[in-house]
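Dear colleague,

I am passing on the structure below, as promised. Please look it over before reading on, and let me know how my reading compares with yours.

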Amino acid sequence: ANVIRFVSCQNLTVSDLTAGHTTEPGECSGGGLRLEDCRNTNIASCGLYGCGTIGVDALNCNNLTVTASRIYECRFNAVALSQCRNVRVENCDIDSHGIRPNQGEATMLFAADYSDGFVIHGCRIHDNASQYLLRSYYSKNTLFLSNDVHDNRIVSSMFLFDQYPAVVDGCRLEANDFRFW
């Protein structure tokens, strides 16, 4: 199950909250924070962790901001969007995904499907094992700006853009183990 789920909310703020799944062995199918059909949502200074599939999972949301938060130890994604508009992830720590024993790599740290306006800015992305760093699938206006990306193991490629290109600029990419850009 998802730890916290919000459906059809407006003007929502979640702050100073730590939530996640336990570190006991096994698997689960839910994420940390699930948002569906939400508008004007701010997530600030939170910690989302655990064996949960996704740290922040958003479907059909508009104007979502995640700031100064730590998203860690998830099995599939740190942030996953589907059919969202105007989403910003800023000044966050994204770490320790896909490194738990018997877990395997995360699928991708950031995923945007059929979305518009996904911005990842000023984040520290480190000590992860993942198939991809960022996948943008049929998503317009994806920006990956001024991020510090270091000490990650990326199995397939750093970026996968399908249909629309994304902008990657001003990032520090250092000490990463990866096959392809």
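What follows covers the sheet, the aromatic rings and the nonpolar core.

This is a predicted model, in which local features need pLDDT of at least 70 and side-chain atom pairs count only at pLDDT 80 or more, while totals for chains, interfaces and linings use all residues. Residues are numbered from 1 along each chain as its sequence is written, and side-chain values use heavy atoms, with hydrogens and water left out.

An open sheet is formed by 7 strands with parallel pairing, in the order S2-S5-S8-S11-S14-S17-S20. Strands here are DSSP runs (E, at least two residues), numbered from the N terminus, and two of them pair if DSSP finds at least two bridges between them. Because strand S2 (10–15) and strand S20 (167–169) each have a single partner strand, they stand at the edges, and one side of each is left without a neighbour in the sheet. At the S20 edge, 3 bridges join that strand to S17 (residues 143–145), the two running parallel, and Leu143 stands opposite Val167 in S20.

Turning to the rings, a search of the whole structure finds 8 aromatic pairs, where rings of Phe, Tyr and Trp (its six-membered ring) pair if their centres lie within 6.5 Å, with planes under 30 degrees apart counted as stacked, over 60 as edge-to-face and the rest as tilted. One of them is the edge-to-face pair of Phe144 and Phe159, at 5.6 Å centre to centre and with 75 degrees between the planes. Phe144 lies in strand S17 and Phe159 in strand S19 (residues 153–162), so this pair ties together parts that are 15 residues apart in sequence. Phe159 also pairs with Phe161, and this pair is stacked because the centres are 5.8 Å apart and the planes at 25 degrees.

As for accessibility (buried means under 20% relative accessible area, exposed over 50%, partly exposed in between, with a 1.4 Å probe and protein chains only), Phe144 is buried at 0% and Phe159 is buried at 12%, whereas Phe161 is partly exposed at 30%. Ring pairs link these three with Phe110 and Phe118 into a cluster.

Phe110 and Phe118 also touch the most other members among the 37 residues of the largest nonpolar core, a core being a set of buried Ala, Val, Leu, Ile, Met, Phe, Trp, Tyr and Cys residues joined through side-chain atoms within 4.5 Å.

With best regards

Technical notes
Helices (H or I, at least four residues) and strands (E, at least two) are DSSP runs, numbered from the N terminus.
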